[in-house]
Amino acid sequence: MTTEYSGSGDPQRSIELLWGLQERGKRGPKPRLTVEQIVQEAIALADAEGLGALSMRRVADALKVAPMSLYTYVPSKAELIDVMLDRAYGELPRSEDVSGGWRARLEKIARENWALYHRHPWMLHIAKSRPVMGPNLIARYEHELRAVDGIGLTDVEMDSVVSLVAGHVEGAARRSVEAAQAERHTGMSDEQWWAAHAPLLEKVLDLQRYPTAARVGSAAGAEYGAATHPAHAFEFGLQRVLDGLEVFIQARTRGPR
């Protein structure tokens, strides 16, 4: 699995690209390309072939320009990835007209992010511990915080709540995407894989030594038709996260007795 790191390029150039500062200050003849064209072509390439296929040369070939010409717009692949991420976050809806209070709002946000990761699986192959703060990333953060604003939490608790939900979604989406990629790479569905392995496992599994694992694993395998069910894991985990947050928020807002 290819792993890239956000924020690994020149911070000044990334900020300039994310916020369009270079375009505002430029004069002279109209450039042949725009940063937006380059970014959209890079996203299309990553969507189709994965992050491992992304290179400045591949993007240049798709745009029918010399590879070196891209560097007059984007200094390197690192800054390009920063802008790609921010553009992808810009696809998230920003509607706050959701009935059902904070829980319904967080659930909607979770589902929107789940869908985004499945549209752009390459996002899951970028480590984001050092995010470059582009306009769409900040808008996403603002939107998610507003879902729990004014319900009695401190600012740090608000940040922790949205981070908890985001972490669950990203982890569940990664497992879901990995399962889909495994099927494409092997030509075998989870059901086919399970059907091939289950009879062999039954021959070697000592039921007396692993009685609980055998019972539960058999029940889960029969239910899912596979070793795992990523969509079920996302749904089950999301509701349990929200259940836990509900208990926390109720206790937090009631205060000491």
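Here is a short chat between a colleague and a modeller about reading the core, the empty spaces and a few residues of a predicted model.

Colleague: Before we get into details, what is the average pLDDT of the protein, and which elements have the lowest and highest means?

Modeller: This is a predicted model, and its pLDDT averages 91, with 95% of the residues scoring at least 70. Going by element, helix α2 (residues 21-25) has the lowest mean, 64, while α6 has the highest, 98.

Colleague: OK, now the core. Which residues have the most contacts inside the largest nonpolar core?

Modeller: The general idea is that in soluble globular proteins, nonpolar side chains tend to be buried together. Here the largest nonpolar core has 60 residues, and Leu80, Met84, Leu106 and Trp122 have the most contacts inside it. Several helices supply at least two residues each, among them α1 (11-18), α3 (35-49), α7 (101-119) and α12 (230-254). The largest share, 8 residues, comes from α9.

Colleague: Let me zoom in on Leu106. What is it in contact with, leaving aside neighbours within four places in sequence?

Modeller: Leu106 is in contact with Ala147 and Val148, with Val161, Val162 and Val165, and with Leu242 and Leu245.

Colleague: Next, the voids. How many cavities of 30 Å³ or more are there?

Modeller: The trick is simple: rolling a probe the size of a water molecule over the atoms shows where empty space is left. In this model the count comes to 2 cavities of 30 Å³ or more. The largest cavity has a volume of about 50 Å³, and the second largest holds about 30 Å³.

Colleague: What lines the largest cavity?

Modeller: Leu106 turns up again in that lining, along with Ile109, Ala110, Asn113, Arg140, Glu144, Val162, Val165, Ala166 and Val169. By element, α7, α8 and α9 each supply at least two of the lining residues. The lining divides into 7 nonpolar, 1 polar and 2 charged residues.

Colleague: And which residues line the second largest cavity?

Modeller: That lining is made of Leu92, Pro93, Arg94, Ile109, Glu112, Asn113, Arg140, His143 and Glu144. The elements giving two or more residues to it are α7 and α8. By class you get 3 nonpolar, 2 polar and 4 charged residues.

Colleague: Glu144 caught my eye. Does it count as buried or exposed?

Modeller: Glu144 counts as buried because its relative accessibility is 8%, and the cut-off for buried is under 20%. Glu144 lies in helix α8. Leaving aside neighbours within four places in sequence, Glu144 is in contact with Ile109, Asn113 and Val162.

Colleague: Now for open space. How much of it lies in the largest pocket?

Modeller: The largest pocket holds about 540 Å³. Its lining has 26 residues, and those nearest the centre are Tyr89, Lys128, Pro131, Leu137 and Arg140. Two or more lining residues come from each of α6, β2 (126-127), α8 and α9. The largest share of that lining, 7 residues, comes from α9. By class, the lining has 14 nonpolar, 4 polar and 8 charged residues.

Colleague: One last thing, the backbone. What is the sign of phi at Lys64?

Modeller: As a rule of thumb, most residues other than glycine have a negative phi. Lys64 has a positive phi of about 60° although it is not a glycine. Lys64 lies in the loop between α4 and α5 (67-70), and its relative accessible area of 69% means that Lys64 is exposed.

Methods: Residues numbered from 1 in each chain as written. Predicted model: local features only at pLDDT ≥ 70, side-chain atom pairs only at ≥ 80, totals over all residues. Heavy atoms only, no water. Core = buried A, V, L, I, M, F, W, Y, C linked by side-chain atoms within 4.5 Å. Buried < 20%, exposed > 50% of the residue type's maximum accessible area, 1.4 Å probe, protein only. Helix = DSSP H or I, 4+ residues; strand = E, 2+ residues; numbered from the N terminus. Contact = heavy atoms within 4.5 Å. 1 Å grid on protein atoms, 1.4 Å probe; cavity = no way out; pocket = protein on both sides within 12 Å on 5 of 7 lines; lining within 4 Å. Points joined across faces, edges and corners; volume = space filled by probe spheres on them. Nonpolar A, V, L, I, M, F, W, Y, C, P; charged D, E, K, R; others polar. pLDDT = per-residue confidence, 0-100.
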